[in-house]
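Open your viewer, turn on side chains, and keep the selection box handy. This is a walk through one protein, stop by stop.

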Amino acid sequence: MFVQRACTFVKGHHRVLVGYYLQSVKNFNTYAKEPYKVRPYNLNQQSVLLPGKERIRSSVLLDDPTVLVSEIPGSPHVQTVFDCLRHGLEVSDNGPCVGVKNSTDGQYEWTNYAEVIAKAQRIGSGLLQVGLKPRNDTFVGIFAVNKHEFMLTLFACAAYSMVSVPLYTSLGLQSILYIINQGNLPMVIVNNAENALKVLKNVKELPSLQSLVIMESITPQVEQAAKERNIRLLPFSELENLGRNSLKDLVLPKPDDLFCIPYTSGTTGTPKGVMLTHRNVIACVGGLKIAYGESGTYGGAIMSYLPPAHIYEIMNEVASTYYARGIAFYNGDIRKLMDEVQMLKPTILTLVPRIMNAIYARVMEKVEGNALKSFLFRTAVERKGKLLKRGKLTTQSIWDKLVLKGFQEALGGRSQMIFCTSAPISADVMTFFRSASGAYMFEIYGQTETLASVMTLPLEHAGGFTGGPLPCNFVKLVDVPEMGYFSKDDCGEVCIKGPNVFKGYFNNEKATQESIVDGWQHTGDIGMWLPNGSLKIIDRKKHLFKLSQGEYIAPEKIEAIYSESKLVLQILVEGNPDQNYIVALVVPEPENLKSWLKTKGYKDSEDISQLLSNTEVRKHFLLELRKIGSQKDLNSLEQARNLVFLSEPFTVDNDLMSPTLKVRRGQAKKHYEDLILSLYKEGPLL
């Protein structure tokens, strides 16, 4: 049922008139699910192959597969990110928008949509009061952990045509300084004194920086450092008060104006700024809306806990405001995340493989020790899986009530949709969650440059692939002959084209031209079309791999640094996408190794092969490598946490090295697959 509603929102000097056709919704504190949801589509055809030699595929959900979605269906008035927030105001009837835990009793306190809009206007006005201009060439850095102030700044900038530059707190100092300089940032907003000092101590290298805003309390050390360096220092609350006392009319951007410039993590070299427009984001929300179908109900609540500079989290927040959801911000301790989930009882869960793997492992551990529990649990999951294969989703079956209720309660008990992205996840874990949770389970593939691009359909029952193209983009595979992948065989590099594809890399035309060719973003990932029309990611074009955090690792860079050790003759760094750290396979330099072992108290008479399998020796060796890594500014994810010594070097004869004396990474990884798995089974040495 759709109803026409109009409201006038008046705050300060600004008047917003909104008249929308909207779907009626309930407050997020109420939640009901029909016993079954039945899919209206065929899982055996998850994409449409368009005519032509390029073998382009489109979404099966489009009425015309040649016409992509560039706006949000049913919401043509929503053209920018700030429009999503105003849409949420109207849809929710000024319902809860931002939830923050009260430090006294630990309960969530909610700020409604009207007040969040007012806050964004005050913060934006405060930015103007300190000298920033309401233009699309004004960039504001946000160097902070996940906090509600981060989200407020995103929307404040969007309200005044300014551009947010979100920065990972895990980025190395040199990368942070590089980004501030490249963006010519006049202001950086940080979360605490530690990050403030990182910036202030290097102000001489930052000629553009004029102001620093701190979300938490300002320490005397920070105050003194800012004064000495002639940097204006403001608490975040004062920035808002400045705007309150001099409220400015909104200066809304155009759809093709920049919204934000998130930077790549820089593990492959210099970070690259990804220029995302409001149209990019809105097109993606439109594609997701079609893909959700009936599962995309309005209202509900979502937990915000991911790194706020990650495009996954940014999209979660923007889409959640469009869907009038309450966004609750966790307390910062990832170890207590699931406790907070049980308190909040979110209807939307945004997970990553690392968390899903941990949940799955705990569940299996609990049931494996008891034969009866194990039998009942596996039977329940199997029966629920059979229901899902028939297109039926429920939390009301006898298996839910008797066996699976505890697992569902651990996820909050009200999960309506669960998302997983940022890294591959095993088919077994995905299938388990789909069957046991009773929620719509979506796996998404995308990049910062393309946002969400591919997604599984609602009521998918299997795992091991990422689904078909979203309605906002086309997907094609192009030949990678040097790796033996050809589009005629439905294999090749994944390329994306559509209104969700980024504008280019900031001030880096060379990288832009290498990445976007004839409008197609070349992802560097190798994909394969399955018989059902869904995409499976099978390889990486460049020598990169992903960890469970979703971050790419450049192994050759790490190997080059570790090889500076006189103890290393050859080294191979590897990682698995379901693990959160990397491991190293080392061929030691024999003579230097002997000398080093003596310094550690080992004698020449001891068996060298036994010594090299000794855990303490391996740990000491790993410390040597990590010491060099720290000296060369490797970040924590780039540092190996376990290693093994190889008795046989990589050579041309054993086919582990090419004629040009480069390690054949694919062959080496396959050759040592069991050894790598054993390292992860053992766990980190450090």
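## Stop one: the spaces inside

The model you have open is a predicted one, and it holds five cavities of 30 Å³ or more. Start with the largest cavity, which encloses about 70 Å³ of space. To see its walls, select Q46, S59, L61, A291, M455, T456, L457, P458, G468, P469 and L470, which line the largest cavity. Now colour that selection by class: seven of the lining residues are nonpolar, four are polar and none is charged.

Next, move to an open space, the second largest pocket, with a volume of about 1,300 Å³. A total of 44 residues line this pocket, and Y305, P307, I334, R354 and Q549 are the closest to its centre. Centre the view on those five residues, then show the helices around them. Which helix gives the most to the lining of the second largest pocket? Helix 11 does, with five residues. Select residues 353-368 to display helix 11, then add 337-344 for helix 10; each of these helices supplies at least two residues of the lining. Colouring the lining of the second largest pocket by class gives 24 nonpolar, 14 polar and six charged residues.

## Stop two: along helix 12

Select residues 371-389 to bring up helix 12, and pick out L376 within that helix. L376 forms a nonpolar patch on the surface together with L372 and F375, and the three have about 310 Å² of accessible area together. L376 has a relative accessible area of 35%, so this residue counts as partly exposed.

Stay on helix 12 and pick E382. Its relative accessible area is 44%, which means that E382 is partly exposed as well. Now add T431 and draw a distance between the two C-alpha atoms: E382 and T431 are separated by 9.9 Å, although they are 49 residues apart along the chain.

The last pick here is K384, whose side chain meets that of D400 in a salt bridge at 2.8 Å, N to O. K384 sits in helix 12 and D400 in helix 13 (residues 398-410), so the pair links distant parts of the chain, 16 residues apart. Is this pair buried or exposed? K384 is buried because its relative accessible area is 3%, and D400 is buried too, at 1%.

## Stop three: more salt bridges

The structure holds 22 salt bridges, and a few others deserve a click. Select R665 and E559, whose side chains meet in a salt bridge at 2.8 Å, N to O. R665 lies in helix 20 (residues 665-671) and E559 in helix 16 (residues 555-562), so this pair ties together parts that are 106 residues apart in sequence. Switch on the surface and look for them: R665 and E559 are both buried.

For another kind of pair, select K619 and E616, which form a salt bridge with their closest N and O atoms 3.8 Å apart. These two residues are about one helical turn from each other, because they are three residues apart in helix 19 (residues 615-631). K619 is partly exposed at 26% relative accessibility, and E616 is partly exposed at 38%.

Then select E115, K119, R122, E240 and R244 together. Salt bridges that share partners join these five residues into one network.

## Stop four: two loop asparagines

Finish with the backbone. Most residues other than glycine have a negative phi. With that in mind, go to N94, where phi is near 60°, a positive value. You will find N94 in the loop between helix 1 (81-92) and strand 5 (96-101). N94 is partly exposed, with a relative accessible area of 30%.

Now jump to N230, whose phi is also positive and near 60°. N230 is in the loop between helix 6 (220-228) and strand 11 (232-235). Is N230 buried or exposed? At 70% relative accessibility, N230 counts as exposed.

How values were computed:
Residues numbered from 1 in each chain as written. Predicted model: local features only at pLDDT ≥ 70, side-chain atom pairs only at ≥ 80, totals over all residues. Heavy atoms only, no water. Patch = residues over 30% accessible without salt bridge, like charges linked within 9 Å, V, L, I, M, F, W, Y side chains within 5 Å. Areas by Shrake-Rupley, 256 points an atom, 1.4 Å probe, with all protein chains shown as cover. Salt bridge = Lys/Arg side-chain N within 4 Å of Asp/Glu carboxyl O. Helix = DSSP H or I, 4+ residues; strand = E, 2+ residues; numbered from the N terminus. Buried < 20%, exposed > 50% of the residue type's maximum accessible area, 1.4 Å probe, protein only. 1 Å grid on protein atoms, 1.4 Å probe; cavity = no way out; pocket = protein on both sides within 12 Å on 5 of 7 lines; lining within 4 Å. Points joined across faces, edges and corners; volume = space filled by probe spheres on them. Nonpolar A, V, L, I, M, F, W, Y, C, P; charged D, E, K, R; others polar.
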